[in-house]
Amino acid sequence: MKNILFVLLFLLFIKSLLCQDIISIHLSELENTKYECDVGGCTPSTIISSFDFDSCRIACLQDTQCRTVTFDSNTNLCETFADIPSQYGKLSSQSGVTTMITTDQRLLSARKFQQLINSFH
């Protein structure tokens, strides 16, 4: 009986360790919109040659510093940024470009994100 209790407690401990580092991140998509950071204070972007939209999205999700990403379907270039539009830069209309902005509880509340989207349209 002690062994079974020990195993159950051990499994609960392992489960709690694994769940602590899970963060829910969502990429909100803005079609025909390009993010540009043309003001001082922006971090340099990273340009990635990408096969398609999905590989660009995955590249951002795998990068813990990525907060905004643009994919240009005309050139298949993916550009990742550590900044978010509400902090630095601007959003502008550009055909064939999709900008994705990460949203999570630590960085941007849903209300603030909606204000950002509303100010663009």
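Two strands pair if DSSP finds at least two bridges between them. One such bridge joins valine 69 to its partner in E4, threonine 80. The model shown here is predicted. Its protein chain has 121 residues, with three helices and five strands.

**Overall layout**
- Along the sequence, the elements of the protein chain follow the pattern α-β-β-α-β-β-β-α.
- Buried residues account for 31% of the protein chain.
- The accessible surface of the chain is about 8,200 Å². Carbon and sulfur atoms hold 57% of that surface.
- Take the contacts between residues at least 6 apart in sequence: 73% of them join residues at least 24 apart.

**The sheet**
- Strands of a sheet pair through backbone hydrogen bonds, either parallel or antiparallel.
- In this model, five strands form an open sheet, and the pairing is antiparallel. The order across the sheet is E1-E5-E3-E4-E2.
- E1 and E2 are the edge strands, and each pairs on one side only. Strand E2 covers residues 46–49.
- On average, neighbouring strands of this sheet are turned by 25° against each other, direction ignored.
- E3 and E4 pair in the antiparallel sense, over five bridges. The partner of valine 69 in E4 is threonine 80.

**Salt bridges**
- Side chains of opposite charge can pair when their charged atoms come close.
- The count here is two salt bridges.
- Arginine 57 meets glutamate 29 in a salt bridge, at 2.8 Å from N to O. Arginine 57 sits in helix H2 (residues 53–62) and glutamate 29 in strand E1 (residues 26–36), so this pair ties together parts that are 28 residues apart in sequence.
- Arginine 57 also forms a salt bridge with aspartate 54, where the closest N and O atoms are 3.2 Å apart. Aspartate 54 and arginine 57 are three residues apart in helix H2, so about one helical turn separates them.
- Glu29, Asp54 and Arg57 are thus linked in a network of salt bridges.
- How buried or exposed is arginine 57? Its relative accessibility is 22%, and it counts as partly exposed. The cut-off for buried is under 20%.
- Glutamate 29 is partly exposed, with a relative accessible area of 36%. Aspartate 54 is partly exposed as well, at 44% relative accessibility.

**Aromatic pairs**
- A pair of aromatic rings is described by the distance of the centres and the angle of the planes.
- The structure holds two aromatic pairs.
- The ring centres of tyrosine 35 and phenylalanine 81 are 4.8 Å apart, with the planes at 90°, so this pair is edge-to-face. Planes over 60 degrees apart count as edge-to-face.
- Tyrosine 35 belongs to strand E1 and phenylalanine 81 to strand E4 (residues 77–81), so the pair ties together parts that are 46 residues apart in sequence. Tyrosine 35 and phenylalanine 81 are both buried.
- Phenylalanine 53 and phenylalanine 71 form an edge-to-face pair, 6.2 Å centre to centre and with 70° between the planes.
- What does the pair of phenylalanine 53 and phenylalanine 71 tie together? Phenylalanine 53 lies in helix H2 and phenylalanine 71 in strand E3 (residues 68–72), so the pair ties together parts that are 18 residues apart in sequence.
- Phenylalanine 71 is buried, at a relative accessible area of 5%.

Methods
Residues numbered from 1 in each chain as written. Predicted model: local features only at pLDDT ≥ 70, side-chain atom pairs only at ≥ 80, totals over all residues. Heavy atoms only, no water. Helix = DSSP H or I, 4+ residues; strand = E, 2+ residues; numbered from the N terminus. Buried < 20%, exposed > 50% of the residue type's maximum accessible area, 1.4 Å probe, protein only. Contact = heavy atoms within 4.5 Å. Areas by Shrake-Rupley, 256 points an atom, 1.4 Å probe, with all protein chains shown as cover. Salt bridge = Lys/Arg side-chain N within 4 Å of Asp/Glu carboxyl O. Phe/Tyr/Trp six-rings, centres within 6.5 Å; stacked < 30°, edge-to-face > 60°. Axes fitted to C-alpha atoms, helices over the stretch in contact; angles between N-to-C directions.
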